Amino acid sequence: MKTIYVLNGPNLNLLGTREPETYGSDTLETVEKLCRDTAAELDIALEFRQTNHEGEMIDWIQQARLQADALVINPAAWTHTSVAIRDAVTGVALPLWEVHITNVHKREAFRHHSFLSDVAQGVICGYGIRGYRYALIEAARSL
Ligand code: DQA
């Protein structure tokens, strides 16, 4: 059975209460359930995690090298700031799908640049939490 890591970056633990007009009212638990249901449908094993600590995210990406077949990451604010996370992803050479709940291109200019998009297989943004499901479907299809 193939394994996909779904990794979430900073402040996504606050989904549901964080700027609901922007991110909606679904919580991270709802996102996890959506991912688990999708993984069951696709017959893949899922590891679902969230962290507010960049080093921990890098450790998880490195761990995925041995334990996962693909990565689905919502890097949140690190999308726009982190060369270290990009280097971790390129270092482990796993296929990556980048997910954003919001359409980052409709938002502030500083959200228009991603350090990950050019090393991702695909980028899904602006579809709310359904983007996680779409990313898992594409990732599973590619494996
Ligand atoms: C986000 C978009 C990022 O710009 C932001 O920093 C987030 C969430 C999204 O899912 O829409 O924290 O990745």
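**Exercise 1.** Determine whether Cys-35 is buried or exposed in this predicted model.

*Solution.* The relative accessibility of Cys-35 is 0%. Buried means under 20% relative accessible area, so Cys-35 counts as buried.

**Exercise 2.** Establish how many disulfides the model contains, and explain the status of Cys-35 and Cys-125.

*Solution.* A disulfide is a covalent bond between the sulfur atoms of two cysteines. The cut-off for the pair of sulfur atoms is 2.5 Å, and by this rule the count is 0 disulfides. Cys-35 takes part in none, as the nearest cysteine sulfur, that of Cys-125, is 17 Å away. From the side of Cys-125, the closest cysteine sulfur is that of Cys-35, and 17 Å is too far for a bond. Cys-125 has a relative accessible area of 17% and is therefore buried.

**Exercise 3.** Identify which residues of the largest nonpolar core touch the most other members, and which elements supply the core.

*Solution.* The core has 25 residues; Val-6, Val-31, Cys-35, Val-72, Tyr-132 and Leu-136 touch the most other members. At least two residues come from each of β1 (3–8), α2 (28–42), β2 (45–50), β3 (70–74), β4 (96–100) and α5 (130–142). The greatest contribution, 5 residues, is made by α5.

**Exercise 4.** List what Tyr-132 touches, leaving out residues up to four places away in sequence, and then locate another core.

*Solution.* The contacts of Tyr-132 are Val-6, Asn-8, Leu-12, Val-31, Cys-35, Asn-74, Val-99 and Ile-101. Apart from the largest core lies another, of 19 residues, including Ala-88, Leu-94, Leu-96 and Ala-120.

Note on methods. Residues are numbered from 1 along each chain as its sequence is written. This is a predicted model: local features need pLDDT of at least 70, side-chain atom pairs count only at pLDDT 80 or more; totals for chains, interfaces and linings use all residues. Side-chain values use heavy atoms; hydrogens and water are left out. A nonpolar core is a set of buried Ala, Val, Leu, Ile, Met, Phe, Trp, Tyr and Cys residues joined through side-chain atoms within 4.5 Å. Buried means under 20% relative accessible area, exposed over 50%, partly exposed in between (1.4 Å probe, protein chains only). Helices (H or I, at least four residues) and strands (E, at least two) are DSSP runs, numbered from the N terminus. Contact means heavy atoms within 4.5 Å.
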